[in-house]
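Me: Could you take a close look at one part of this model for me, the open sheet and whatever packs or pairs around it? I'd like one connected walk-through rather than a list.

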Amino acid sequence: MSISMKNLDPAFRGAGQKDGLEIWRIENFKPVPVPTSSHGKFYMGDSYIILKTTALKNGSFRHDIHYWLGKDTSQDEAGTAAILTVELDAALGGRAVQYRESQGNETEKLLSYFRPCIMPQPGGVASGFNHVEVNEQEHVTRLYVCRGKHVVHVKEVPFARSSLNHDDIFILDTKSKIFQFNGSNSCIQERGKALEVVQYIKDTFHEGKCEVAAVEDGKLMADAEAGEFWALFGGFAPLPRKTASEETGEETEAAVKLLCFNQGQLEPIGFESLTHDLLETNKCYLLDCGAQMYVWMGRTTSLQQRKGASEAAERNCSLVIAEQNHML
């Protein structure tokens, strides 16, 4: 199933015809191209569509389409991004893999496009916020957790001692100094990647003009920079160790659910085991795995069916996130 490029939004025409990245931001429910010089700059109040085109040896192209949703983006804007992603996929032949990316929970594939990391900034079009240039902002002390040996996932966490642990690496960004706190259980590859993030923060948010310090977990007040770091948290206190259940990784697995999108409704499909025979090529399905959700679009489904399934998945994801936030 495909649609003609001439029936596509003008901003998408000619997309996916050469190797590389193309990015659009959703503005007033329309895709607006993001210039190459701003690739990797995301705002918390916005939604984006990212197309990665890979040239294959046989002369054809492989397409991966991601739609990224900032934590402050509106529900209408998020829904628009999901629908436009389906339309772009259809125009490219309906063979692209589509990814829903929410701020702080990005896939490794998306993160690999932007080195060393993605660090969204406040602001956004639909939210009514202004895009404020970094050097115009009043500096706010922020604490980030940094994970990954090859692809780095950076996420802001509350500036509190309770956010720290022995397993991860944390970056404390203050006005005059950036601290890299290396958890005692972190490895050398993770520390090296985190140092790249520290340099990125220094260059991007401090114009290269601030001090950098490394703090080793377990090195106490005898070290001046460790003492300065812990003073920002009200003084040193030992970090708690994991409980027995946390050490063994015991947790309850969410039940996997298969849903068929039929005439605008999601209908549960009963099964003893997941097999390809459960799927019909003229229908769309949602596979809800709890932490992840997959949308399967049959080869002979219409564009309208695909849009409807994508919208249903978006609503379901938003409901799960809302429920999780309510529980916190």
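Reply: Sure. In this predicted model, the open sheet has five strands in the order 7-6-8-9-10, and the pairing is mixed. Its edges are strand 7 (153-157) and strand 10 (211-216), each of which pairs on one side only. On average, neighbouring strands here are turned by 25° against each other, if you ignore direction.

Start at the strand 7 edge. Strand 6 (residues 142-147) runs antiparallel to strand 7, and five bridges join the two. If you want a residue pair to click on, take Tyr144, whose bridge partner in strand 7 is Glu156.

Now go over to the other side of the sheet order. Helix 4 (residues 224-231) lies across strand 8 (169-173), strand 9 (177-182) and strand 10, and runs at about 100° to strand 9. There's also a charged link between this helix and the sheet. Side chains of opposite charge can pair when their charged atoms come close. Here, Lys177 forms a salt bridge with Glu228, with the closest N and O atoms 2.9 Å apart. That pair ties together distant parts of the chain, since Lys177 sits in strand 9 and Glu228 in helix 4, 51 residues apart.

The two partners differ in how covered they are. Lys177 has a relative accessibility of 7%, so it counts as buried, the cut-off being under 20%. Glu228, at 35%, counts as partly exposed because that value falls between the 20% and 50% limits. The pair isn't on its own either: Lys177, Glu211, Glu225 and Glu228 are linked in a network of salt bridges.

For comparison, have a look at two salt bridges beyond that network. Arg25 pairs with Glu27, the closest N and O atoms being 2.3 Å apart, and Arg25 counts as buried at 18% relative accessibility. Lys283 and Glu280 meet at 3.6 Å, N to O. Both of those side chains belong to partly exposed residues, with Lys283 at 25% relative accessible area and Glu280 at 38%. The count for salt bridges comes to 15.

To put the sheet back in its setting, the chain has six helices and 14 strands, and 43% of its 328 residues count as buried. Of the contacts between residues at least 6 apart in sequence, 58% join residues at least 24 apart.

Definitions and conventions:
Residues are numbered from 1 along each chain as its sequence is written. This is a predicted model: local features need pLDDT of at least 70, side-chain atom pairs count only at pLDDT 80 or more; totals for chains, interfaces and linings use all residues. Side-chain values use heavy atoms; hydrogens and water are left out. Helices (H or I, at least four residues) and strands (E, at least two) are DSSP runs, numbered from the N terminus. Buried means under 20% relative accessible area, exposed over 50%, partly exposed in between (1.4 Å probe, protein chains only). Contact means heavy atoms within 4.5 Å. Two strands pair if DSSP finds at least two bridges between them. Axes are lines fitted to C-alpha atoms, for helices over the stretch in contact, and angles run from 0 to 180 degrees between N-to-C directions. A salt bridge is a side-chain nitrogen of Lys or Arg within 4 Å of a carboxyl oxygen of Asp or Glu.
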